[in-house]
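The following exercises concern helix packing, cysteines and one buried position. Please work through each task before reading its solution.

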Amino acid sequence: MIIETIEVFGVAVPLVGAFSTSYQSTSEQRSAIVRLVASDGTVGLGNVDPVPGYSEETTEATLDAIAHRLAPVVLGTDPRNLHRLLALMDRTLPRHFDAKAAIEMACCDLSARAQRVSVATLLGGAVRDTVRFNAWIGIVPPGRAADEAAGWKARGFASAKVKVGHDVDADVERLRAIREATGPHWQIRIDANAGYDADTAIALARRVEPLGLELFEQPVPADDIAGLARVRRACPFLPIMADESVTDHASLLAVLRADAADLVKVKPMKQGGLLTTRRLLATAEAAGVRCVLGHGFGLGVNTLAEIMLGASAPNVIDGLECVGPLKTADDIVRHKLDLGSGSLEVPAGPGLGAELDPDRIERYRFFHHRGAIA
């Protein structure tokens, strides 16, 4: 079996309203879709959803890397041999993790389909049959944040991520309002998206200590591992999670050696593929570090991949953050995932269990490239 055809699509799918982080405000998700066809006709799908300010490359740069740098070297290779595939792509492009993840994901989907099993089975087997999801609340006024939190709780969600990072006083007011609306036991995570320095992050953590938060995600800039460790030492009452600080094994090991985090956030798009992410999860597990998994703006294919990976990893905690289908007004798959109750049975496959919708691809497409063996 070899890869005979690679198609790459760039799509811009509208979001349900605008979403704000410390990086940006956006009302659409610009994503890259990969469709592989093997010599026996088996199809594999991959999808990454770069976020400006978070991803190292833009969606446009990711599309260009897939179409013009990676596709030519991947054509003609065996999609089932992920070790050789990843080594080949790493030699071709040292970074461009998003682009490599899209192709590797499509190969995992294709390989699992060829074996008539799910991607979770391909990754070693599911350790949970149902996954729970983490809701989200943006940088919004306290009253609106409280209403949104109460709504998520009523729908069945057991936890939510709250964006912080612009103003400590506003963050505290927002978090207090959410706690009052949800009661003492609902899990609240906060995410600064690297928006504060260590001193400011410590000040925020101390002010919200009485609220009993679940974790504090990426309080400091990605390259400030010493600052991340200082926040953790100063705030033993609030678990600290590294996200942007962890991109590859070297950066994960740097965080672990510095005792800089209680948890680590991973996702295939950021780490360069499902297999690489699974290795990082195993490394964190060996170090006794729990993990959160998921990209909050993923389309259906990427979301399914993260569900499969999360279901197969023992040290991934409840509350997957792959909730993109709740934020998008549409999708590019035939059957949009329904995550509205806060949980989902792990799909049985085969592969990821997704099929592209040609009409939706055409409706949202702004880029298309097709490569094939001559």
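**Exercise 1: a first helix pair**

Task: State which residues of α2 meet which residues of α3, and describe how the two helices pack.

Solution. On the α2 side, L82, L85, L86, M89 and D90 meet K100, I103, E104, C107 and C108 of α3; contact means heavy atoms within 4.5 Å. These residues divide into 7 nonpolar, no polar and 3 charged (Ala, Val, Leu, Ile, Met, Phe, Trp, Tyr, Cys and Pro count as nonpolar, Asp, Glu, Lys and Arg as charged, and the others, Gly among them, as polar).

The model is predicted: local features need pLDDT of at least 70 and side-chain atom pairs pLDDT 80 or more, while totals for chains, interfaces and linings use all residues. Residues are numbered from 1 along each chain as its sequence is written, and side-chain values use heavy atoms, without hydrogens and water.

Next, the geometry. Helix α2 covers residues 82-92 and helix α3 residues 97-115; their axes are 11 Å apart, at an angle of about 165°. Axes are lines fitted to C-alpha atoms, for helices over the stretch in contact, with angles from 0 to 180 degrees between N-to-C directions. Helices (H or I, at least four residues) and strands (E, at least two) are DSSP runs numbered from the N terminus. The angle makes α2 roughly antiparallel to α3 (under 35 degrees is roughly parallel, over 145 roughly antiparallel, 65 to 115 roughly perpendicular, the rest oblique).

**Exercise 2: a second helix pair**

Task: Determine how the axes of α9 and α11 are arranged, and which residues make the contact.

Solution. The axes of helix α9 (residues 249-257) and helix α11 (residues 274-286) cross at roughly 15° and come within 11 Å. The two helices are therefore roughly parallel to each other. From α9, the contact uses H249, L252, L253 and L256; from α11, R279, L280, T283 and A284. By class, this gives 5 nonpolar, 2 polar and 1 charged residues.

**Exercise 3: cysteines**

Task: Count the disulfides and describe C107.

Solution. A disulfide is a pair of cysteine sulfur atoms within 2.5 Å. By this rule the count is 0. For C107, the nearest cysteine sulfur belongs to C108 and lies 7.2 Å away. C107 counts as buried, at 0% relative accessibility (buried is under 20% relative accessible area, exposed over 50%, partly exposed in between; 1.4 Å probe, protein chains only).

**Exercise 4: A260**

Task: Where is A260 found, and is A260 buried or exposed?

Solution. A260 is in the loop between α9 and β10 (263-266). With a relative accessible area of 0%, A260 is buried. Leaving aside neighbours within four places in sequence, A260 contacts I225, L228, A229, R232, I240 and V255.
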